[in-house]
Structures are given as C-alpha cells and as structure tokens.
Amino acid sequence: MNKRDIASLACKVIALFLFIQGISIMANLLSYYITVPNLRGMMDSEQVANMVIPYIFLLIFGGLLWTFSDKLALIMIKGDSDSSWSENFNIKAIDVQRILFSILGLFFMGNSLPKIVSALINMYWMSDLPNVSKSLMPNTIGEISQFLLGVGIFLGSQGLVGLLKAIRNLGMKREEGES
C-alpha cells in the first residue's frame, strides 16, 4: 500500500462516516415527523424540506468525497512520486501525518456544511422578523469559521506537519560535532 492508497482510503472512510451520519439524521427526522401526530398537521412540506435539505448536503459531500477520493489523495500527497515499487513499503510518519491533517480538514468542512446551509435557510425565511436573523448570526459565524478552518487544515497540511515537527523539537539541544 502506497501513500496515495492510504490517502484515498482515508477519504473513503470519512466519506462513509459523513454518509452514514446524514442517513442517520434524516431517518431520525423522518421518524420524529411520522411518530408525532400533531407535528404533521402543523408543518407543511416546505418546512419539512427546510429541515431535511441541510442534511442532504452531508450525503452529497460524502458521495463527492468518495467519488473524488483518488484525486484528493493526489492533492494530499502533493505530487510525491509513488511509482517505485520500493516506496510501497517505505511510508514515513510525516506522510501519514500530512494525510491525517488533510482528512481532519475534510471532516471539519463536511461537519459544518449542513449547519451553514440550515442557518442560511433559516435566515432567509425569517428575514422579515426583527432581530431573529441577528440571533442566528453567531452560530452561523462559528460554523463558517469551522468550515474555513477545515479548508485551511486541508490546504495547509504540509505546513501543519512542519509546525508539529518544530514544536516536537522545541527545547532540544543539538550538539554539533557529535554523531
């Protein structure tokens, strides 16, 4: 197994997690809608759609992550050549750390996306009510921050590995002349 295979497998694992999470949440919403008798009479199809649509993004993001896992894996390993046979057995800890940081970034993006969509839909529908959209803004800003943090972690995984290495070596004296 080479670096690209590990990165692709990690993308598929997080995609499967997001997909299962989306199905679970939508099943819970559906069962709640069916089992609470008064709720069906109070909610129209538009309100039900507003509850379900944000979690469809979990399914879409999971599906896209699964579909493009090989291309994302190439981005994660950043052009390292893995064509040699001997490299299949020589995977460094730095490579695994870079892949794991990238996966963590993808998780943050996938986790915050439905919440952002839900908040934006709520702000749109409640824009006529005074101060309601303002009360939704702090959570939305937090979720957008989480999404941007995920993008930053995904795109800056190499830098984070370097930072981790520097922190790990902080305080260690390197004595010159010794082997």
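**Exercise 1. Contacts and overall make-up**

Task: Determine what share of the contacts with a separation of 6 or more joins residues 24 or more positions apart, and state which elements the chain has.

Solution.
Step 1. Consider the contacts in the chain with a separation of 6 or more: residues 24 or more positions apart account for 83% of them. This value is computed from a predicted model.
Step 2. Count the elements: there are 7 helices and 0 strands. Along the sequence they give the pattern α-α-α-α-α-α-α.
Step 3. Turn to burial: of the 179 residues in the chain, 28% are buried.

**Exercise 2. Confidence along the chain**

Task: Establish which helix has the lowest mean pLDDT and which the highest, and where pLDDT stays under 50.

Solution.
Step 1. Begin with the chain as a whole, which averages a pLDDT of 77, with 79% of the residues scoring at least 70.
Step 2. Compare the elements: helix α2 (residues 37–42) has the lowest mean pLDDT, 64, whereas α4 has the highest, 85.
Step 3. Locate the weak stretch: over residues 84–88 pLDDT stays under 50. For these residues the model has 5 contacts beyond four places in sequence.

**Exercise 3. The length and burial of helix α1**

Task: Find what span the 33 residues of α1 should have at 1.5 Å a residue, and set it beside the distance between the end C-alpha atoms.

Solution.
Step 1. The expected span takes 1.5 Å times one less than the number of residues. For the 33 residues of α1 the result is 48 Å.
Step 2. The end C-alpha atoms of α1 are 48 Å apart, which agrees with the expected value.
Step 3. List the buried residues of α1: Lys 3, Ala 7, Ser 8, Ala 10, Cys 11, Ile 14, Ala 15, Leu 18 and Gly 22.
Step 4. Examine one of them, Lys 3. A residue is buried if its relative accessible area is under 20%. Lys 3 has 7% and is therefore buried.
Step 5. Look across the sequence: Lys 3 and Met 76 are 73 residues apart along the chain, and their C-alpha atoms are separated by 9.2 Å.

**Exercise 4. The buried side of helix α4**

Task: Identify which residues of helix α4 (residues 69–77) are buried, and explain why they are on the same side of the helix.

Solution.
Step 1. The buried residues are Ser 69, Leu 72, Ala 73, Met 76 and Ile 77.
Step 2. These residues cover an arc of only 130° around the axis, so they are on the same side of α4.
Step 3. Proceed past the end of the helix: α4 is followed by Lys 78, whose phi is positive, near 50°.

**Exercise 5. Aromatic rings**

Task: State how many aromatic pairs the structure holds, and describe each pair.

Solution.
Step 1. The structure holds 2 aromatic pairs.
Step 2. In one pair, Phe 17 and Phe 107 are 5.7 Å apart centre to centre, with 45° between the planes, and the pair is tilted.
Step 3. Place these residues: Phe 17 lies in helix α1 (residues 3–35) and Phe 107 in helix α5 (residues 93–125), so the pair ties together parts that are 90 residues apart in sequence.
Step 4. Assess accessibility: Phe 17 is partly exposed at 40%, and Phe 107 is partly exposed at 23%.
Step 5. Phe 107 also forms a tilted pair with Phe 108, at 6.1 Å centre to centre and 50° between the planes.
Step 6. Join the results: Phe 17, Phe 107 and Phe 108 form one aromatic cluster.
Step 7. Another ring, that of Trp 66, has Lys 12 over its face, at 5.3 Å from the ring centre.

**Exercise 6. Contacts of helix α6**

Task: Determine which residues Gln 146 touches and with which residues Phe 154 is in contact, leaving aside residues up to four places away in sequence.

Solution.
Step 1. Gln 146 is in helix α6 (residues 132–155), and its relative accessible area of 18% makes it buried.
Step 2. Gln 146 touches Phe 108, Asn 111 and Ser 112.
Step 3. Phe 154 is also in helix α6 and counts as buried, at 10% relative accessibility.
Step 4. Phe 154 is in contact with Leu 72, Ile 75, Met 76, Ser 102, Gly 105, Leu 106 and Met 109.
Step 5. The C-alpha atoms of Phe 154 and Ile 103, 51 residues apart along the chain, are separated by 7.1 Å.

Key:
Residues numbered from 1 in each chain as written. Predicted model: local features only at pLDDT ≥ 70, side-chain atom pairs only at ≥ 80, totals over all residues. Heavy atoms only, no water. Buried < 20%, exposed > 50% of the residue type's maximum accessible area, 1.4 Å probe, protein only. Helix = DSSP H or I, 4+ residues; strand = E, 2+ residues; numbered from the N terminus. Arc of directions from axis to C-beta. pLDDT = per-residue confidence, 0-100. Contact = heavy atoms within 4.5 Å. Phe/Tyr/Trp six-rings, centres within 6.5 Å; stacked < 30°, edge-to-face > 60°. Lys NZ or Arg CZ within 6 Å of the ring centre and 35° of its normal.
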